[in-house]
Amino acid sequence: MTREEPLGLEAAVAMQFLDRQPGEWYCTDCWAEAVDIDPRTVYRVAVLMATEEAVAAGYQAKVGGPCKICDAMGSKTAEMKGFRSVQSLGRSKG
Ligand SMILES: [Zn+2]
């Protein structure tokens, strides 16, 4: 039993949020706030979304990427170390 416990419903909710806004990048902080889920949970989802499987499913994530919300507010996300950004590629449905 080396696998981590499944993220389950919260991950599904978080990823559906991205699906509704394909092409938009969010950092994990803003993403967590937008979906009202524990930032540690969405961070784990973001880590999983950097895998090839997730990319094949239409998602991507990267360390230190852009963020629709932070960038609009003019905050300097680049100064935050280790944060991740996530994006739906909009392929999962039509
Ligand atoms: Zn942000």
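In this predicted model, strand S3, residues 84-88, is largely enclosed by the rest of the structure, because 5 of its 5 residues are buried. The word "buried" has a definite meaning here: a residue qualifies if 20 or more other C-beta atoms lie within 10 Å of its own.

The two sides of this strand deserve separate attention. In a regular strand, the side chains alternate between the two faces of the sheet. In S3, one side carries Arg84, Val86 and Ser88, and the other carries Ser85 and Gln87. Every one of these residues is buried, and both faces of S3 are therefore covered. For the protein chain as a whole, 24% of the 94 residues count as buried.

Which strands are joined to S3 by bridges? One is strand S1, residues 25-27, which is linked to S3 by 3 bridges. S1 and S3 run antiparallel, and within this pairing Trp25 stands opposite Gln87. The other is strand S2, residues 59-63, with 5 bridges to S3, again in an antiparallel arrangement. Here Lys62 has Ser85 of S3 as its bridge partner. Ser85 and Gln87, the two residues named in these pairings, both belong to one side of S3.

The strands may now be placed within the whole chain. The protein chain contains 5 helices and 3 strands, and their order along the sequence is α-β-α-α-α-β-α-β. Contacts between distant parts of the sequence can also be considered. Among the contacts in the protein chain with a separation of 6 or more, 65% are between residues 24 or more positions apart.

How values were computed. Residues are numbered from 1 along each chain as its sequence is written. This is a predicted model: local features need pLDDT of at least 70, side-chain atom pairs count only at pLDDT 80 or more; totals for chains, interfaces and linings use all residues. A residue is buried if 20 or more other C-beta atoms lie within 10 Å of its own, exposed if 12 or fewer, and partly exposed in between; C-beta atoms are placed from the backbone. Helices (H or I, at least four residues) and strands (E, at least two) are DSSP runs, numbered from the N terminus. Two strands pair if DSSP finds at least two bridges between them. Two residues are in contact if their C-beta atoms, placed from the backbone, lie within 7 Å.
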